[in-house]
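Hi,

Here is the structure I promised to send over. Have a look at it first, and then read on for my notes.

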Amino acid sequence: MVLSTKRRWLMLTVVSAGLLLITLDNSILYAALPTLVEDLGASSSQSLWIINAYPVVMAGLLLGSGTLGDRVGHRRMFLIGLVVFGAASLAAAVSQSPEALIAARAFLAVGAAVMMPATLALIRLTFDDEHERNIAIAVWGSLAIVGSGLGPIVSGILLNHFWWGSVFLINIPVVIAALIATLVLAPPNDADPSKRWDLISSLLALVALVSLVITIKEAAKTSPAPLVMVAAVLAAAAGAWAFTRRQRRLPYPLLDFAIFRNRAFLAGVLAAGLSMFAIAGVQLVTTQRFQLVEGFTPLHAGLLVAAVALGALPTAMVGGAVLHKVGLLPIVAGGLALSTAGALLILLSFDTSMTLLVTGLLITGAGLGAAMSVASSAIMGNVPARRAGMASSVEEVSYEFGSLIAVALLGSLLTAVYSTTIDLPVGVPDRARDSLETALALGKDNPSLITAASDAFDTAYFAVMVVITTVMALGAIATGLLLRRHGPGSALTTTARAVETPAHH
């Protein structure tokens, strides 16, 4: 069914609204975290799981939901996901304990995982013209950036007037509007009952990811528990091995590893994951640093990190518009290289010059916006339409995996460096090493403790930014090598037999 031009772009607006909800909830707790920790009495480990439960569960279920969408129809999946997302938002808003909020965030991720692959698959199925589709995907990718940037701002505004549960309640009106619009505008459901869906594969992926996060968190502790570490490592390895083995044996795998033989596709996956790693990492540690060390309100901290999204929007839109002329290489590899320069400027100026810091955030965003705007085109343009669900799932997994690793690795690194470098004044309880929040609570009448804790946190922030800068530089090199044949004037897609042929069983 060919939709009219007006209906196509209205449909893009609807699915982009769904994506905006998903990405908003990925970052909306960054600025709210200090308030949550205080109001719910969450420990440092619980606070990281409150954030991480969302990307962990989503990443674990995304592959399965994309393939399930191919089977039952992406329109139906989008509608189901919206309903689950709305119900989970209400549950999160009324949570009374850290454990209840973690569970609600996991439930929220189920709705997001059901909905998210459908957003990109519907674009792939709605827009037949490649140039038009590239622009649509650029708009879609831009809203992903906007959602990440708006999260801390929206939470800051709401926390100035309401309790922390309001950051979840705002999802519900958007869900209702998107449900109505989808029923009116979406093309007929594109179900294909011949496709198979494998729940076991989704659960194996979830086991591997959760175990990986536990491993990272445990390794970052000053005194990791050996038994927990060993069990987590073994579970992660066993889950990954079993998932891979099962995919190679299934006639209809959730993930056909052959698609990664296409270099443009692989470069797009790397660009998507690395971009979200940088965005999530910078936002997470910067909002915390400026609230806890500099005394910013959640709103002011949110506005500060919104500079990343502000820098990303122009390049994201331009990238999609000029992609067919300049090719993938300069936009993807060049974008990651530019973000490296921005991250380096943040690293050198965060505690000396607000002007240079904001400039660094803008430059970082500009580079990431360019890379993200065409990463989707590299991914979706290098698979056949019959694998739109699988390809969109892979892309969403790369986005969520980037955010997941950023929070798990960089959040744990922040805590670990702080704990090991703080020079506690005489007589201060050792629990001040647990977190800067704890030290600030203990140091209300002890200026020397507050100074020592703030200095240690700045050291930790510096270490995190070194990691982000290094990862972006390596990403620019890797994607540059993969896309060396995709410079100006080159085709956006490649003819890769590995993509077109069925998986080897």
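Below is what I found, starting with the charged pairs and moving on to two helix packings.

Please keep in mind that this is a predicted model.

**Salt bridges**

The count comes to two salt bridges. Which residues does the network of shared partners join? In the first pair I looked at, the side chain of Glu294 meets that of Arg289, with 2.9 Å from N to O. In the other, Asp458 bridges to Arg289, and here the closest N and O atoms are 2.8 Å apart. This second pair ties together distant parts of the chain: Asp458 lies in helix α17 and Arg289 in helix α11 (residues 263-292), 169 residues apart. Because the two bridges share a partner, Arg289, Glu294 and Asp458 form one network.

Are these residues buried or exposed? Arg289 has a relative accessibility of 1%, so Arg289 counts as buried. Asp458 is buried as well. Glu294, at 41% relative accessibility, falls between the cut-offs of 20% and 50% and therefore counts as partly exposed.

**Helices α13 and α17**

Helix α17, the one that carries Asp458, spans residues 447-482 and packs with helix α13 (residues 328-349). How do the two run relative to each other? Their axes come within 8 Å and cross at roughly 160°. Angles over 145 degrees count as roughly antiparallel, so α13 and α17 are roughly antiparallel to each other. The crossing of α13 past α17 is left-handed.

If you want to find this contact on screen, the α13 side includes Leu329, Val332, Leu336, Ala343 and Leu347. On the α17 side, look for residues including Tyr461, Phe462, Met465, Ile468 and Met472. By class, the contact of α13 with α17 has 17 nonpolar and six polar residues, and no charged ones. Among its residues in α17 are Gly475 and Gly480.

**Helices α4 and α5**

Another packing to look at is that of helix α4 (residues 74-93) with helix α5 (residues 98-126). Their axes are 7 Å apart, at an angle of about 155°. That angle makes α4 roughly antiparallel to α5. Here too the crossing is left-handed, with α4 passing α5. What classes of residue make up this contact? The contact of α4 with α5 divides into 22 nonpolar residues, five polar and one charged.

I hope this helps you find your way around.

Best wishes

Notes: Residues are numbered from 1 along each chain as its sequence is written. This is a predicted model: local features need pLDDT of at least 70, side-chain atom pairs count only at pLDDT 80 or more; totals for chains, interfaces and linings use all residues. Side-chain values use heavy atoms; hydrogens and water are left out. Axes are lines fitted to C-alpha atoms, for helices over the stretch in contact, and angles run from 0 to 180 degrees between N-to-C directions. Helices (H or I, at least four residues) and strands (E, at least two) are DSSP runs, numbered from the N terminus. Angles under 35 degrees count as roughly parallel, over 145 as roughly antiparallel, 65 to 115 as roughly perpendicular and the rest as oblique. A crossing is left-handed if the near helix is turned anticlockwise from the far one by less than a right angle, and right-handed if clockwise. Contact means heavy atoms within 4.5 Å. Ala, Val, Leu, Ile, Met, Phe, Trp, Tyr, Cys and Pro count as nonpolar, Asp, Glu, Lys and Arg as charged, and the others, Gly among them, as polar. A salt bridge is a side-chain nitrogen of Lys or Arg within 4 Å of a carboxyl oxygen of Asp or Glu. Buried means under 20% relative accessible area, exposed over 50%, partly exposed in between (1.4 Å probe, protein chains only).
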